[in-house]
Amino acid sequence: MKKELLSDWNVVSKGAKTEMVFSKLISNFTTNTDIPSEYIMKLWTKYKELPKKYQTNSMNGSIFEAIIYTIFIKEKVTPIYFQAELEFVPNIKYDLVVFPRKETGNVDVSSPIGFSLKTSLRERYKQADLEGLALKEVYKRAETYLITLDNEQEIDKFERKVADKDIRGIDRCINAYSSEFDDIIKRLKNSGVDEPPDIKAIKSASEIKE
């Protein structure tokens, strides 16, 4: 069976409003060949051109998350874990987590990469910072990235806070339209990602995999 819809990949439930709105942006994302940053720009632009009744604050976040998840799918960087609760990190759901393979081909459970997905920064970066700190406290070699659509001026402010150690839970804040984001996806595609080892790193999550 062809897997073309968000619900086919377990991103949303069948018939969810997010699926209906997303289908207005692209018919079959799995066949798309745009590089990640261009894919995001095209789909987000289409979304912002939809009638305002579709563009609620809640839908903004849901569509942005769906766009990012589908990049991983179409680039064959799976499995990914979204809305993921990790063992030993209580009461936190991470937007997206992957476990990259090392040069040996194995996965080091202490080295997950966590992504926080925010359309804009504002005060919400503080939540991402706390989530990142919690992840790094348990998974000592974890990496954390905040992916945003916010402008470079706001990102520069954020990066200064990182440099000044005012933010310690996020390694980098990256604009989703940038080549830096493309580089992250390319790196993960080259290394490959995999399921974590037998120790139960994922407490609960929805999973996307081939």
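**Exercise 1. Phe72 and Phe115**

Task: Decide whether Phe72 and Phe115 are buried or exposed, then describe how their rings meet.

Solution.
- Step 1. In this predicted model, Phe72 is buried, and Phe115 is buried too.
- Step 2. Turn to the aromatic pairs. The count is 8.
- Step 3. Phe72 and Phe115 form an aromatic pair. The ring centres are 5.8 Å apart, and the planes make an angle of 70°.
- Step 4. Planes over 60 degrees apart count as edge-to-face. The pair of Phe72 and Phe115 is therefore edge-to-face.
- Step 5. Place the partners. Phe72 is in helix 3 (residues 57-74), and Phe115 is in strand 3 (residues 113-118). They are 43 residues apart, and the pair links distant parts of the chain.

**Exercise 2. Other rings**

Task: Find which residues form one aromatic cluster, and which ring the charged end of Lys3 sits over.

Solution.
- Step 1. The cluster is formed by Trp44, Tyr47 and Phe64.
- Step 2. Lys3 has its charged end over the ring of Trp9, 3.9 Å from the ring centre.
- Step 3. Add Lys74. Lys74 lies over the face of Tyr39, 5.0 Å from the ring centre.

**Exercise 3. A network of salt bridges**

Task: Trace the network that links Lys74, Glu75 and Lys189.

Solution.
- Step 1. Start with the total. The protein has 12 salt bridges.
- Step 2. Glu75 forms a salt bridge with Lys74; their closest N and O atoms are 3.0 Å apart. Glu75 and Lys74 are both buried.
- Step 3. Glu75 also meets Lys189 in a salt bridge, at 3.0 Å from N to O.
- Step 4. Lys189 lies in helix 6, and Glu75 in the loop between helix 3 and strand 1, so this pair ties together parts 114 residues apart in sequence.
- Step 5. Compare accessibility. Lys189 counts as partly exposed because its relative accessibility is 46%. Glu75 has 13%, so Glu75 counts as buried.
- Step 6. Put the pairs together. Salt bridges link Lys74, Glu75 and Lys189 in a network.

**Exercise 4. A further salt bridge**

Task: Which residue forms a salt bridge with Arg172?

Solution.
- Step 1. The partner is Glu180, with the closest N and O atoms 2.9 Å apart.
- Step 2. Arg172 is at 31% relative accessibility, so Arg172 counts as partly exposed.
- Step 3. Glu180 is at 33%, so Glu180 counts as partly exposed.

**Exercise 5. Buried acids without a salt bridge**

Task: Work out why Asp95 has no salt bridge, then look at Asp182.

Solution.
- Step 1. Asp95 is in strand 2 (residues 94-98). Asp95 is buried.
- Step 2. The nearest side chain of opposite charge is Lys118, 4.7 Å away. A salt bridge needs N and O within 4 Å, so Asp95 has none.
- Step 3. Beyond four places in sequence, Asp95 touches several residues, among them Glu65, Tyr69, Phe115 and Leu117.
- Step 4. Asp182 lies in helix 6 (residues 179-191). Asp182 is buried and has no salt bridge either; Lys74, the nearest side chain of opposite charge, is 8.6 Å away.
- Step 5. Leaving out residues up to four places away in sequence, Asp182 touches Ile35, Pro36 and Ser37.

**Exercise 6. Confidence**

Task: Which element has the lowest mean pLDDT, and which the highest?

Solution.
- Step 1. The protein has a mean pLDDT of 92. Of its residues, 97% reach 70 or more.
- Step 2. Strand 6 (residues 202-208) has the lowest mean, 80.
- Step 3. Helix 2 (residues 36-48) has the highest, 98.

Key:
Residues are numbered from 1 along each chain as its sequence is written. Side-chain values use heavy atoms; hydrogens and water are left out. Rings of Phe, Tyr and Trp (its six-membered ring) pair if their centres lie within 6.5 Å; planes under 30 degrees apart count as stacked, over 60 as edge-to-face and the rest as tilted. Helices (H or I, at least four residues) and strands (E, at least two) are DSSP runs, numbered from the N terminus. Buried means under 20% relative accessible area, exposed over 50%, partly exposed in between (1.4 Å probe, protein chains only). A charge sits over a ring if NZ of Lys or CZ of Arg is within 6 Å of the ring centre and within 35 degrees of the ring normal. Lys and Arg count as positive and Asp and Glu as negative; His and the chain ends are not counted. Contact means heavy atoms within 4.5 Å. pLDDT is the predictor's confidence in each residue, from 0 to 100.
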